[in-house]
Amino acid sequence: MLLLDGVKVFPLVLSLAPPADRPAPSGRNGLAEVAAAGVSFMRTGTGDWSLGRLGGQLTAERALLDAAHAHGLHAWSWLGTAPNLPARPAGRPPSPQEQLLTRLADGLQGHPALGAYKGIDEPANPFRGANVIPPAGMTRAHERLAAIDPAHPLVVTQAPLGTVAQLARYRPAFDITGADVYPVTYPPAVHTRTANKDLSVVGDVTRKMVAAAGGKPVWMTLQIAWSGTAPSKAHPAIVPRFPSLHDERFMAYQAIANGARGLVFFGGHLTQVASPADAQAGWNWTFWVRVLEPLVRELSSPDLEPALVAPAARAAVKTGTRDVELVARNDGTFLYVVAVRRGAATSLVTFRGLPNKRNGKAITAGEVLFERVQRPLPPPIQPGHQVLRPVKVAGGSFRDWFGPHDVHVYRFRL
């Protein structure tokens, strides 16, 4: 897990966030709006840092970090191509690239808003061709950055392509890794180029990145929009397509069920496929209101937050249904089970392996977060009597309905 001031956090990141100096449709500052909903990080930085312009670039970056800090946000500062260093022979002075990285870290590390650095973007992407970035130079940069600023981790985000063996070579070059995965396109899964054209490719890529990370944390980057859903002069035939709330919720929880310890949402700034009002505002507020805000509020809620930062449970909670994926977490007070259905079926699913409570007694009931029913049952409908939907447990087992891409988050008191 990422630690901020010694506290475990599950980062919810916008890449990019709304412009710092423009209002949301509500009239409130855009950064204040997303922070109030539960966003905790925003990507900053640039891809073209240079020694000749570094003074002005750092001034602009620190001003953006000031704005983030004013609204309780942390920055994920992109270092562009700087974290890729040539070998330095003994006795030779630092290369211009190393000087750039050193000055960047020195200029940013003391800022209270800085949360993490973003390294080379998709270094192993095969579409780079001859420009694929080998891990050696990135590893040297990681070591140099850690020597200058050991307090802030370096995050390297890969493309969704490549094998575990190919991606594991980068393990010495990062503290945190992950991948971009944007499956909602016409035709489906243009981005991932795998046999699985379903939304559930998110879980496949997450599992791959967890294996490649070798025990280091994984942050998965999910879709708002990307170049494959935004027509351009080079690609005029592209038809825009956005995830629905059901899509985005499934992708987020499937990533969590497969090991993600942070989520990034990319593409709100691609306003060429947004409404005229959103384009004027500089960010896709329509998608925020319809899809992302409800999801972010859920992911950052006090009910769920303990599950997202808790260690894996020792209890081997399992299901015999092959297209249901799950993770069990134990925070000492509750056992949480996050379960998703990747397939198209609708059926009752049986879960087994719940442990006994701490007092040795059996768990007999649990509840489903974010799902409400009335107790006592209607009629009549009685406001104020809505409770979390209960589930009955017997012999360490319970059953529940799952439809296509359904998500249920269970909580059992220990």
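Visitor: What area does the protein chain expose, and what share of it do carbon and sulfur atoms supply?

Guide: This is a predicted model, in which local features need pLDDT of at least 70 and side-chain atom pairs count only at pLDDT 80 or more, while totals for chains, interfaces and linings use all residues. Residues are numbered from 1 along each chain as its sequence is written, and side-chain values use heavy atoms, leaving out hydrogens and water. By the Shrake-Rupley method with a 1.4 Å probe, the exposed area is about 17900 Å². Carbon and sulfur atoms supply 56% of it.

Visitor: What percentage of the 414 residues in the protein chain is buried?

Guide: Buried means under 20% relative accessible area, with a 1.4 Å probe and protein chains only. Among the 414 residues, the buried share is 53%.

Visitor: Is Q254 buried or exposed?

Guide: Q254 lies in helix α7, residues 245-257; helices are DSSP runs of H or I with at least four residues, numbered from the N terminus. Its relative accessible area is 0%, so Q254 is buried.

Visitor: Which residues is Q254 in contact with, leaving aside its neighbours within four places in sequence?

Guide: Contact means heavy atoms within 4.5 Å. With those neighbours left aside, the residues touching Q254 are L199, S200, V202, G203, E325, V340 and R342.

Visitor: How far from a polar atom of the side chain of Q254 does the backbone oxygen of S200 lie?

Guide: S200 is among the residues in contact with Q254. Between the backbone oxygen of S200 and a polar atom of the Q254 side chain, the distance is 3.2 Å.

Terms used: Helix = DSSP H or I, 4+ residues; strand = E, 2+ residues; numbered from the N terminus. Buried < 20%, exposed > 50% of the residue type's maximum accessible area, 1.4 Å probe, protein only. Polar contact = N/O pair within 3.5 Å; in protein donor to acceptor, adjacent residues only side chain to side chain.
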